[in-house]
Amino acid sequence: MAMLQKPLIVLAIAITSLLQGCGMTSHPVARSTLGKPVSSAEMERWLDLPGPVQLQTINSADWSVPLAGLLNLKSAAAVQAGLKDREEPIQVYAHVLQHPQRGNFMVDTGVSQQLLDDPGKAGLGWLLRQGMPIDRMKIQQGTADILRALPGKLSGVFFTHLHIDHITGMPDIPRDVPLYVGRAEATDKNLINVFVHGATNQLLQGKQSLQEWDFQPDSAKQLDGVVDVFGDGSVFAISVPGHTPGSTAYLVRTPQGPVLLTGDTCHTRWGWEHAVEPGDFTVDNARNLTSLIRLKQLVARHPAIEVRVGHQR
């Protein structure tokens, strides 16, 4: 009997650890050396002024996924509209920022042709591909092509979050390029991460450490936290937890006016217009909805903001 106790204890510990989940990745994480925390009020003082950053949103790949993942179909608005689950066409975007002094940056990475050619090598095993059918992705402009079109080297990647479809371009991202994420995005434990942990690690292997934005509580109490990325009021990282713990939106001041990149705080145009958060793909629906409403309130205060949602035009 005593001989059985040790294996049973080990098994119990393993089961408990599995149920607690793990972080999205065990890739090294550090505090960001870029950007400074500011209040939402400080950010909003800039928003009616033209900005210096050129911004291009590129459709890297067409895809289709279940609508129940993109929208909370149990929400009152979705029920009233009679929405049912179906395959929904979406796009996988990469956003290219060109700052006149700081260089070229990407928000998310698009899709690498390397990943589609050999998903197993990138860590996307058979089981993961059943839940994430990347064979449906149709490349429009792969990450390597996006990088070749840049007027100079890539100076950094700003992630909205670390879901696989936002890091699918990592095989093409040079090893020396700095990477930036929201706080706890990589390390917060969740059971669902057990299924993507290995693939996320593989896609990030050999790359720079993930630098976490230094979000601080918003003294104006309008948002969770804001970082002035370059310290000149041109680009802001906005903490929007919910879809993932460290989800981050970006507000870019261009010569044509401010542009809000919501990331997957909102996947679809319908979700934005009806204030409905994503569904099955989201870790915390209530918190996601709060973040979505705060972004909509920001846009209501500054109607000139152009909104670009996570996966639709």
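## Salt bridges

Arg31 and Asp214 form a salt bridge in which the closest N and O atoms are 2.8 Å apart. Because Arg31 belongs to strand S1 (residues 29-31) and Asp214 to the loop between strand S9 (210-212) and strand S10 (226-228), this pair ties together parts that are 183 residues apart in sequence. The structure discussed here is a predicted model. The two partners differ in their burial class: Arg31 is exposed, with a relative accessible area of 59%, whereas Asp214 counts as buried at 12%. Arg31 and Asp214 also belong to a network, together with Arg183, that is joined by salt bridges with shared partners.

The structure holds 9 salt bridges. Among them is the pair of Arg301 and Glu44, whose side chains meet with an N to O distance of 2.8 Å. Arg301 lies in helix H10 (residues 285-301) and Glu44 in helix H2 (residues 40-44), so that distant parts of the chain, 257 residues apart, are linked. Arg301 counts as partly exposed, at 32% relative accessibility, while Glu44 is buried, with a relative accessible area of 13%. Helix H10 also takes part in the salt bridge between Asp224 and Arg287, for which the N to O distance is 3.9 Å. Asp224 is placed in the loop between S9 and S10, and Arg287 lies 63 residues away in helix H10. Both residues fall in the intermediate class of accessibility: Asp224 is partly exposed at 28%, and Arg287 is partly exposed at 43%.

## The cavity

The model contains 1 cavity of 30 Å³ or more. The space in this largest cavity is about 80 Å³, and 14 residues line it. His95, Asp108, His166, Gly263 and Gly310 are the lining residues closest to the cavity centre.

Strand S4 (residues 87-99) provides the largest share of the lining, with 3 residues. By class, the lining of the largest cavity comprises 7 polar, 4 nonpolar and 3 charged residues.

## Pockets

What is the volume of the largest pocket? The value is about 710 Å³. Its lining is made up of 30 residues, and those nearest the centre of the pocket are Gly131, His163, Ile192, Val196 and Phe281. Two or more lining residues come from each of strand S3 (54-66), helix H6 (126-131) and helix H8 (193-204). The lining of the largest pocket divides into 17 nonpolar, 9 polar and 4 charged residues.

The second largest pocket holds about 260 Å³ of space. Its lining consists of Gln114, Leu115, Asp118, Lys121, Ala122, Met170, Pro171, Gln202, Leu203, Gln205 and Lys207. Helix H5 (113-117) and H8 each contribute at least two residues to this lining. Helix H8 therefore supplies residues to the linings of both the largest pocket and the second largest pocket. In the second largest pocket, the lining has 5 nonpolar, 3 polar and 3 charged residues.

## Nonpolar surface patch

A nonpolar patch on the surface is formed by Trp126, Leu127, Leu191, Ile192, Val194, Phe195 and Val283, which together have about 710 Å² of accessible area. Helices H6 and H8 each give two or more residues to the patch. H6 and H8 are also among the elements that give two or more residues to the lining of the largest pocket.

Ile192 appears in both settings, as a member of the patch and as one of the residues nearest the centre of the largest pocket. Another member of the patch, Phe195, is found in helix H8. Phe195 is exposed, with a relative accessible area of 52%.

## Backbone exceptions

Most residues other than glycine have a negative phi. Asp108, although not a glycine, has a positive phi of about 65°. Asp108 sits in the loop between strand S5 (103-107) and H5, and with a relative accessible area of 3% it is buried. Asp108 is also one of the residues closest to the centre of the largest cavity.

Ala184 likewise has a positive phi, of about 70°, without being a glycine. Ala184 is placed in the loop between strand S8 (179-181) and H8. Is Ala184 buried or partly exposed? At a relative accessible area of 22%, Ala184 is partly exposed.

Methods:
Residues numbered from 1 in each chain as written. Heavy atoms only, no water. 1 Å grid on protein atoms, 1.4 Å probe; cavity = no way out; pocket = protein on both sides within 12 Å on 5 of 7 lines; lining within 4 Å. Points joined across faces, edges and corners; volume = space filled by probe spheres on them. Helix = DSSP H or I, 4+ residues; strand = E, 2+ residues; numbered from the N terminus. Nonpolar A, V, L, I, M, F, W, Y, C, P; charged D, E, K, R; others polar. Salt bridge = Lys/Arg side-chain N within 4 Å of Asp/Glu carboxyl O. Buried < 20%, exposed > 50% of the residue type's maximum accessible area, 1.4 Å probe, protein only. Patch = residues over 30% accessible without salt bridge, like charges linked within 9 Å, V, L, I, M, F, W, Y side chains within 5 Å. Areas by Shrake-Rupley, 256 points an atom, 1.4 Å probe, with all protein chains shown as cover.
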